[in-house]
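Notebook open, structure on screen. I want to go through the ligand site and then the inside of the protein.

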Amino acid sequence: MQVHSATFIISNTDVSKCPNTAIPEYAFIGRSNVGKSSLINAICNKKNLAKTSSRPGKTQLINHFLINKNWHLVDLPGFGYARVSKTHKKKFQKFITDYFKQRKQLVSAFLLIDIRHEPQSIDLNFMQWLGENYIPFSIIFTKADKLKPAARERNINNYTRKILENHWEELPPIFITSSLHKTGSEKILIYINSLNKDFTETNPL
Ligand code: GDP
């Protein structure tokens, strides 16, 4: 699947104001600076669709983009920004959890993880929370170009081992990407396309 059109629709902090259309959507989330904006731009083949930000945590909004006129890509704020206040963090968590719990059009989430890092509890806890709330998700490892193949494999194995230790019976789908080298996004698009087909079959107009 190729992205031939990608348009910004709306930003907000309130799930009830998200687009009221019955088309499938996919949410991208991860820690600040994980490479989310770069990946969204790479997937959509546009330079500045998602704003890459020099100050992590700056974009605290739910951003909807319409892709190929038939699905939504949702850019969620980066979590784990240490410099925001506790009250702000709570507020932030609430609108994100509301989004995941209330958004019926959400088909799957993509949790982005920087491939260079050891498994982080913030990501593992978030996976746990998604599981407990029956929200399907995949993992996207970002910045693959920053490691040699052996180190990449070692880090992915560390992660999958941790996930299985956390009582998951099977692993979620895993994608490995580099926005710099423009690799990995095609497989994500193929996966989204297959889920879109299932969505249309189970939700006929
Ligand atoms: P966000 O905060 O998650 O949206 O992250 P950004 O997309 O703004 O990226 C954060 C930083 O990582 C920027 O300096 C990017 O240039 C860099 N970056 C993002 N993706 C890649 C990648 O695939 N490879 C490399 N080498 N750098 C990347």
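I started at the ligand: one of its oxygen atoms sits 3.0 Å from a polar backbone atom of glycine 35. This is a predicted model, so I'm treating every distance here as computed. Asparagine 33 also offers a polar backbone atom, 3.0 Å from a ligand oxygen. With lysine 143 the partner is in the side chain: an N or O atom there is 3.0 Å from an oxygen of the ligand. I then looked up how much of the ligand gets covered: alone it exposes 580 Å², and the protein buries 75% of that.

Next, the shell. There are 14 residues around the ligand, and Lys36, Ser37, Ser38, Asp145 and Ser179 come nearest. Sorted by class, I get eight polar, four charged and two nonpolar residues.

Then the inside. Which residues have the most contacts inside the largest nonpolar core? I noted Ile29, Leu76, Tyr99, Phe100, Phe126 and Met127, in a core of 31 residues. S2, helix H2 (86–102), strand S5 (106–114), helix H3 (121–132), strand S6 (137–142) and H4 each put in at least two residues. H3 gives the most, with five.

I followed isoleucine 29 outwards. Leaving out neighbours within four places in sequence, isoleucine 29 is in contact with Leu76, Phe100 and Phe126, among others. Its list also includes Lys36, which I had already written down as one of the residues that come nearest to the ligand. A separate core of 25 residues lies apart from the big one, and Phe28, Val34, Leu39 and Ile67 are among its members.

Glutamate 25 caught my eye next. It is found in strand S2, residues 25–30. Is glutamate 25 buried or exposed? Its relative accessible area is 0%, so I put it down as buried. Beyond four places in sequence, glutamate 25 is in contact with nine residues I can list: His64, His72, Val74, Tyr99, Arg103, Gln105, Leu106, Val107 and Ser108. Tyr99 turns up again there, having been on my list for the largest core.

Last entry: threonine 160, in helix H4 (residues 149–165). At 13% relative accessibility threonine 160 is under the 20% cut-off, so I count it as buried. A polar atom of its side chain lies 3.0 Å from the backbone oxygen of asparagine 157. Setting aside neighbours within four places in sequence, threonine 160 is in contact with Leu171 and Ile174.

Terms used. Residues are numbered from 1 along each chain as its sequence is written. This is a predicted model: local features need pLDDT of at least 70, side-chain atom pairs count only at pLDDT 80 or more; totals for chains, interfaces and linings use all residues. Side-chain values use heavy atoms; hydrogens and water are left out. A residue is near a molecule or strand if one of its heavy atoms lies within 4 Å of it. A polar contact is a pair of N or O atoms within 3.5 Å; within protein, one must be able to donate a hydrogen and the other to accept it, and residues adjacent in sequence count only if both atoms are side-chain atoms. Accessible areas come from the Shrake-Rupley method with a 1.4 Å probe; for residues, only the protein chains shown count as cover. Ala, Val, Leu, Ile, Met, Phe, Trp, Tyr, Cys and Pro count as nonpolar, Asp, Glu, Lys and Arg as charged, and the others, Gly among them, as polar. Helices (H or I, at least four residues) and strands (E, at least two) are DSSP runs, numbered from the N terminus. Buried means under 20% relative accessible area, exposed over 50%, partly exposed in between (1.4 Å probe, protein chains only). Contact means heavy atoms within 4.5 Å. A nonpolar core is a set of buried Ala, Val, Leu, Ile, Met, Phe, Trp, Tyr and Cys residues joined through side-chain atoms within 4.5 Å.
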